[in-house]
Amino acid sequence: MTVKEIVSITRGKLLSGDPESAIGPSRISTDSRNISKEDLFVALKGANFDGNDFVAEVLKKGALGAIVSSDQGRVKDFYARSRHGKVIIQVADTTKALQDIAAYHRAQFNIPVVCVTGSNGKTTVKDMAWHLLSTKYNVLRNEGTQNNHIGVPLTLLRLNKTHQICVLELGTNHNGEIALLAAIARPTTAVMTNIGPSHLEFLGSLRGVFEAKSEIFPYIRKGGLLILNGDDKFLSNIKNKNLDIVKYGFTAANFLKAKMVASGSWKTSFIVNNKMEFDLNVLGEHNVYNALAAIAVALNFGIEHKAMREALSDYRPANMRLEPVKTRGVDIINDSYNSNPLSMMRAIEVVKHYPARARWIVSADMLELGRESEKFHRMIGEAIAKSGADGLMTFGELSKYTLSQAKSSGMAPDRLWHCSSHDEIAKLLKKMVKKGDVVLFKGSRSMKMERVLEKFQKI
């Protein structure tokens with residue numbers, strides 16, 4: 001890709017540098033801290049930062065140049081203090097410029113692109129699908145949860161001629177975001193995992209969540225594949241004459257039908273369509289749903305059962321997603337990455353059936369639920385009480401409702417604690433938890449519940 005092409009794609013203005021200079025798409029960077037020679041820095045603007053403030057710094061580090069959105073006088077000042085020949089491209093919006101470059105680059109590759117969206121399980125399905133497909137193909141995926149308007153474009157810019165398939169997770173908390181990402185990625189296959197109460201502060205209702213996720217439909221290539229959770233009430237009745245549809249779940253109407261075989265401490269076994277057996281080293285029926293979605297993707301690309309079975313048995317959960325940790329004889333289920341009502345209910349179910357001397361739940365606030373926040377936190381409190389948990393520790397203002405409802409639903413007051421810090425929770429756990437117990441850590445990302453585990457391990 002040349003500088004001249006980038007100027008054209010972004011409708012920018014070349015203020016300095018050689019228009020014929022070549023830039024590898026994977027050398028386009030938004031991180032001034034890790035800039036390298038020959039990188040083109042995109043000066044993104046955020047709520048608390050302005051990448052334009054770091055342009056002079058990245059040029060001194062040896063970057064090839066920068067895409068900026070500053071006024072022309074400031075940009076010329078940057079250039080005047082940089083080495084001769086640096087590329088400076090001025091655009092109206094640097095974020096849109098990044099997205100436009102990524103969309104252009106993706107269009108140069110005639111390969112399958114699988115996009116995964118839904119309220120829960122996106123990262124797990126994406127990683128499982130990547131794991132299965134990688135037994136036969138060279139597959140690109142977004143790392144971790146780089147699933148937003150920055151992460152998806154940066155992932156696509158890593159596409160090269162060696163890749164045979166791309167698997168992307170698409171996230172959203174506002175209307176229009178899935179449409180934006182799908183327009184850039186142009187999926188040939190889409191997976192929708194489920195519709196649940198997440199980001200209600202911005203999406204309003206379950207119907208709003210469904211409509212936001214459904215923005216992907218118009219962008220799936222005609223004749224492409226749509227893989228749906230057939231047990232989800234919003235997804236089970238979807239019809240689309242332009243797409244092939246495959247549904248998965250536990251009920252008879254699904255094309256891929258699972259039946260649980262066994263569930264132990266860290267292992268889940270199930271059978272699909274009464275003939276394909278699988279073992280997962282992760283917990284919970286919901287992870288069988290995730291595996292079914294990945295299996296549907298893999299079958300579409302000709303992965304055989306033996307290869308799928310071996311790959312799934314090797315799969316390990318992503319960091320802080322029902323991650324097993326053993327500390328001083330205590331089994332920790334570290335599900336600290338995020339939380340919403342559906343994922344919390346699933347985690348409670350995992351703990352309920354976990355073979356342990358006693359079962360403890362550490363539950364922090366679930367955020368972005370808007371006007372429904374109190375209702376959902378109380379619902380979780382009731383579910384914890386009914387699960388037979390031996391103790392509940394809560395953290396955060398909203399989780400006071402969880403504690404209150406757990407008490408109202410029958411949990412003994414001396415088995416309930418509301419804590420004001422991570423330290424307090426860790427010290428309480430050390431006092432109360434015994435060898436052979438299991439403890440669940442869960443809360444929204446900003447609650448940082450992994451810090452409790454870190455402190456508990458050090459006490």
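In which sense do strand 15 and strand 16 pair, and over how many bridges? Strand 15, residues 323-327, pairs with strand 16 in the antiparallel sense, and the pairing extends over five bridges. Before I continue, please note that the model we are looking at is predicted.

Let me stay with this hairpin. Two residues lie between strand 15 and strand 16, and in the hairpin R328 takes a positive phi near 50°. As one example of the register, K326 has D331 of strand 16 as its bridge partner.

Strand 16 also pairs with strand 20, here in the parallel sense and again over five bridges. In that pairing, I332 stands opposite V439 of strand 20. As a general reminder, the strands of a sheet pair through backbone hydrogen bonds, in either a parallel or an antiparallel arrangement.

How covered is strand 16? Six of its six residues are buried. V330, I332 and N334 point one way from the strand, D331, I333 and D335 point the other way, and all of them are buried.

I turn now to helix 12. This helix has twelve residues, 341-352, and at 1.5 Å a residue it should span 16 Å; the C-alpha atoms at its ends are 16 Å apart, so the model agrees with the expected span. At the start of the helix, a side-chain oxygen of N340 comes within 3.2 Å of the backbone nitrogen of L342.

Which residues of helix 12 are buried? They are P341, S343, M344, R346, A347, I348, V350 and V351. The elements that these buried residues pack against include strand 16, at 330-335, and strand 20, at 438-442. Helix 10 (285-300), strand 17 (359-364) and helix 13 (373-387) are also among their packing partners.

The contact with helix 10 can be followed through one residue. H286 lies in helix 10, and it counts as buried because its relative accessibility is 13%, under the 20% cut-off. Leaving aside neighbours within four places in sequence, H286 is in contact with L322, R346 and V350. Of these, R346 and V350 appear among the buried residues of helix 12. On the geometry in general, an α-helix has 3.6 residues a turn, so residues three or four places apart point the same way.

Helix 10 and helix 12 also bring us to the largest pocket, since each supplies at least two residues of its lining, as do helix 5 (122-133) and helix 7 (177-185). The space in this pocket is about 1200 Å³. Its lining comprises 44 residues, and those nearest the centre are K122, N147, H199, Y337 and N338.

Next, a residue in a loop. Q146 is found between strand 7 (139-141) and helix 6 (151-156). Is Q146 buried, exposed or partly exposed? Its relative accessible area is 35%, which means that Q146 is partly exposed. Not counting residues up to four places away in sequence, Q146 touches G151, V152 and T155.

Finally, I move to a sheet of five strands. This sheet is open, its strand order is 1-5-4-3-2, and its pairing is mixed. Strand 1 (13-16) and strand 2 (28-29) are the edge strands, each pairing on one side only. Strand 2 pairs with strand 3, residues 40-42, in the parallel sense over two bridges. There, S29 stands opposite F41 of strand 3.

Notes:
Residues numbered from 1 in each chain as written. Predicted model: local features only at pLDDT ≥ 70, side-chain atom pairs only at ≥ 80, totals over all residues. Heavy atoms only, no water. Helix = DSSP H or I, 4+ residues; strand = E, 2+ residues; numbered from the N terminus. Expected span 1.5 Å × (residues − 1). Buried < 20%, exposed > 50% of the residue type's maximum accessible area, 1.4 Å probe, protein only. Contact = heavy atoms within 4.5 Å. Polar contact = N/O pair within 3.5 Å; in protein donor to acceptor, adjacent residues only side chain to side chain. Pairing = 2+ DSSP bridges. 1 Å grid on protein atoms, 1.4 Å probe; cavity = no way out; pocket = protein on both sides within 12 Å on 5 of 7 lines; lining within 4 Å. Points joined across faces, edges and corners; volume = space filled by probe spheres on them.
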